[in-house]
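Let's take a friendly walk through the inside of a protein and see which side chains gather there. Have the sequence and the structure ready as you read.

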Amino acid sequence: MTATIATPTECPRCGYESLQMLHSSPVAGAWEVHQCRRCLYCWRTCEPDRRTRRDAYPDSFKMTAEDIRDAPEVPTVPPLRQS
């Protein structure tokens with residue numbers, strides 16, 4: 001028996017309605033990874049509501065289109081250190 005995954009319709013962080021499914025679990029129906037096409041937030045469908053649902057996402061972390069537009073440059077990821 002496989003679980004049914006509810007397909008998200010909006011980004012939990014910014015409310016944008018254009019999402020991309022990046023990956024699905026190797027176990028059918030276990031989880032999917034989705035990404036917002038505006039703010040780039042990613043989440044797995046198996047995470048708690050405070051990470052996956054707009055109405056449960058913490059207000060202090062929600063973003064608007066203006067917040068995203070006016071955000072400072074996203075820092076680059078530094079290269080891995082050599083051991």
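A nonpolar core is a set of buried Ala, Val, Leu, Ile, Met, Phe, Trp, Tyr and Cys residues joined through side-chain atoms within 4.5 Å. Keep in mind that this is a predicted model. Its largest nonpolar core has eight residues: Cys11, Cys14, Leu19, Cys36, Cys39, Tyr41, Trp43 and Tyr57. This fits a wider pattern: in soluble globular proteins, nonpolar side chains tend to be buried together.

Pick out cysteine 36 to see who its partners are. Setting aside neighbours within four places in sequence, cysteine 36 is in contact with Cys11, Cys14, Tyr16, Ser18, Leu19, Tyr41 and Trp43.

Now look at the aromatic rings. The count comes to two aromatic pairs, listed here:

| Pair | Distance between centres | Angle between planes | Arrangement |
|---|---|---|---|
| Tyr41 and Trp43 | 5.5 Å | 20° | stacked |
| Tyr41 and Tyr57 | 5.6 Å | 80° | edge-to-face |

Planes under 30 degrees apart count as stacked, so the 20° between tyrosine 41 and tryptophan 43 gives that pair its label. Tyrosine 41 and tryptophan 43 are both buried, and tyrosine 57 is buried too. Ring pairs join Tyr41, Trp43 and Tyr57 into a cluster.

Which parts of the chain does the edge-to-face pair tie together? Tyrosine 41 lies in the loop between strand S2 (32-36) and strand S3 (42-44), while tyrosine 57 lies in the loop between helix H1 (49-52) and helix H2 (65-69), so the pair links parts that are 16 residues apart in sequence.

One more ring is worth finding: the charged end of arginine 44 sits over the ring of tryptophan 31, 5.5 Å from its centre.

Notes
Residues numbered from 1 in each chain as written. Predicted model: local features only at pLDDT ≥ 70, side-chain atom pairs only at ≥ 80, totals over all residues. Heavy atoms only, no water. Buried < 20%, exposed > 50% of the residue type's maximum accessible area, 1.4 Å probe, protein only. Contact = heavy atoms within 4.5 Å. Phe/Tyr/Trp six-rings, centres within 6.5 Å; stacked < 30°, edge-to-face > 60°. Helix = DSSP H or I, 4+ residues; strand = E, 2+ residues; numbered from the N terminus. Lys NZ or Arg CZ within 6 Å of the ring centre and 35° of its normal.
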